[in-house]
Amino acid sequence: MTASLTLVIGGARSGKSRHAEALACGTGLDRIYLATATAWDDEMRARIAAHRDARAADGWRTIEEPLALAAVLEREAGPGRTVLVDCLTLWLTNVMLGGAPDRAAEAVEPACRDLVAALPRLAGAVVLVSNEVGWGIVPDNRLARDFRDAQGRLNQRVAEVCDRVVLVTAGLPLSLKDVSR
Amino acid sequence: MTASLTLVIGGARSGKSRHAEALACGTGLDRIYLATATAWDDEMRARIAAHRDARAADGWRTIEEPLALAAVLEREAGPGRTVLVDCLTLWLTNVMLGGAPDRAAEAVEPACRDLVAALPRLAGAVVLVSNEVGWGIVPDNRLARDFRDAQGRLNQRVAEVCDRVVLVTAGLPLSLKDVSR
Amino acid sequence: MTASLTLVIGGARSGKSRHAEALACGTGLDRIYLATATAWDDEMRARIAAHRDARAADGWRTIEEPLALAAVLEREAGPGRTVLVDCLTLWLTNVMLGGAPDRAAEAVEPACRDLVAALPRLAGAVVLVSNEVGWGIVPDNRLARDFRDAQGRLNQRVAEVCDRVVLVTAGLPLSLKDVSR
């Protein structure tokens, strides 16, 4: 069993998580769902619960990790396993909001560097879900602009080390890269 | 003449309406333009008028229906006809704003379910235009987030029952699905 | 050497500028970098500087022109040369902000018309970078909506006269049009 890295990107409610789950199920391997969401209010809690209901908990082992993504991936990924990371956008949010408010952007680079360095070392299959957030008007506030920049850069760097990149729109996949090993 | 369902999606000012009109004209059938826009201020009124000017009223029969989309489609669609629905985004806006402000989201599910159930029963050609609205930063206010979620889910569900789905960017079409009957 | 016009579009931090630079380098011609950015605050100044660092100033001649884009292109483009315009979005911003605040939109049409008319007359290779900004929720304020409309229309018109249009997502190109002369 060779290793494989897949990035599934798309807008909000594009069906990217569902597509990523289908890819993970298609591997036929043991499945781990690595959830990066943290519930900081009721709306978020409801969203997380809905996601869980939607993924039909048949056969998935769920691990919740809001911050130490690279470390958990290095521990859990391996031959005979598929790890689905849902999603990089919530993880990046946690990283930015975890630091001091006036230097949210500074916390991002080391975390992203560690993640991007870890990915090519992983065994087994890993599927990462991430949002496209830079296709609108420039946001009014600085934090939103910083987040948009950080998310765009992260998607580029992760896409570069992945074997496959899929863009999902209205539930439909479009292959942007496929150099399966 | 077999039935066909086509979804044309894209961002604002992407040329998606013009592309949908070209598809409708290409069928060579009688053309009905089903406009879902309602003018609630001068800016909106100007937009509607501009759309009308742009579509060159040669041969189109126009029907305006802001809410009862499934019913009008079931009445008007038929063999030898093309119905162009422009657009699902304004229709969804009307559905959300038509209900009580604190439960805008609740009005959406029954309306979307009815529409998605009606589409596969239609005869003739139907072309639906809809916006992609989930590729930016998370909006500040709850209503915008609810709308974004509802629009994304609706696009997925409509795409699932359509034979063809086309994404338009800068006026240029990209086929996401084509299982022409 | 025949003329060629290429439009590279994408969201913020999509890698579109880097892709455009690679296309320009690939022509093997003398390279001119036509920068449309103007620094109106420190954040912007930092962005411009970062762009410059990122493009490795080996062999590029840089020209800064915030407004008179068509005139500079007609003067600088020519056989044996590649001109990279980075980017139409900042240029359009300058055009809109250069006029009276209450008629920003009015300044746009003549400027866009001049640019779109000039492009097919240019010799050599020209690569234009532009943002997709219409894939989010409708912006709250009028100026942002006007800008979104103007940018979408400009991208359509430029795409129409270009030989090649490339959409970049997460650093990965997707060809939307290729009718190389």
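These legends go with close-up views of a predicted model.

**View 1. Chain A from end to end.**
Start with the fold of chain A, which is built from 6 helices and 7 strands. Reading from the N terminus, the order is β-α-β-α-β-α-β-α-α-β-α-β-β. Measured out along its principal axes, the C-alpha trace covers about 45 × 35 × 30 Å. For 181 residues, a compact globule should come out with a radius of gyration near 16 Å, and chain A has 16 Å, so the two agree.

**View 2. Inside and outside of chain A.**
How much of chain A is buried? Of its 181 residues, 56% are. The chain also talks to itself over long stretches of sequence: among contacts with a separation of 6 or more, 74% join residues 24 or more positions apart. On the outside, chain A shows about 7700 Å² of accessible surface, and carbon and sulfur atoms hold 52% of that. As for charge, there are 22 positive and 23 negative side chains in chain A. The centres of those two sets sit 2 Å apart.

**View 3. Leu69(C) and its surroundings.**
Here we zoom in on Leu69(C), part of helix 3 of chain C, which covers residues 69-76. Is Leu69(C) buried or exposed? Its relative accessibility is just 1%, and buried means under 20%, so Leu69(C) counts as buried. Which residues does Leu69(C) touch, once neighbours within four places in sequence are set aside? The contacts are Leu34(C), Thr36(C), Val85(C), Leu88(C), Trp91(C) and Leu115(C). For a sense of distance, take Val179(C): 110 residues separate it from Leu69(C) in sequence, and the C-alpha atoms of the pair are 25 Å apart.

**View 4. Where chain A meets chain C.**
At this interface, 21 residues of chain A are in contact with 23 residues of chain C. Together the two chains bury about 1800 Å², with 62% of that on carbon and sulfur atoms. Which three residues of chain A supply more of its buried area here than any other three? They are Trp135(A), Ile137(A) and Gln156(A), with 43% of what chain A buries against chain C.

**View 5. Where chain C meets chain B.**
On this side, 21 residues of chain C are in contact with 23 residues of chain B. The area buried between chain C and chain B is about 1800 Å², 62% of it on carbon and sulfur atoms. Look for Trp135(C), Ile137(C) and Gln156(C), which supply 42% of the area chain C buries against chain B. No other three residues of chain C supply as much.

Conventions
Residues numbered from 1 in each chain as written. Chains lettered and ligands numbered in written order. Predicted model: local features only at pLDDT ≥ 70, side-chain atom pairs only at ≥ 80, totals over all residues. Heavy atoms only, no water. Helix = DSSP H or I, 4+ residues; strand = E, 2+ residues; numbered from the N terminus. Rg over C-alpha atoms; globule rule 2.2 N^0.38 Å. Buried < 20%, exposed > 50% of the residue type's maximum accessible area, 1.4 Å probe, protein only. Contact = heavy atoms within 4.5 Å. Areas by Shrake-Rupley, 256 points an atom, 1.4 Å probe, with all protein chains shown as cover. Lys, Arg positive; Asp, Glu negative; His and termini not counted. Charge placed at Lys NZ, Arg CZ, Asp CG, Glu CD. Buried area = accessible area lost by both parts, 1.4 Å probe.
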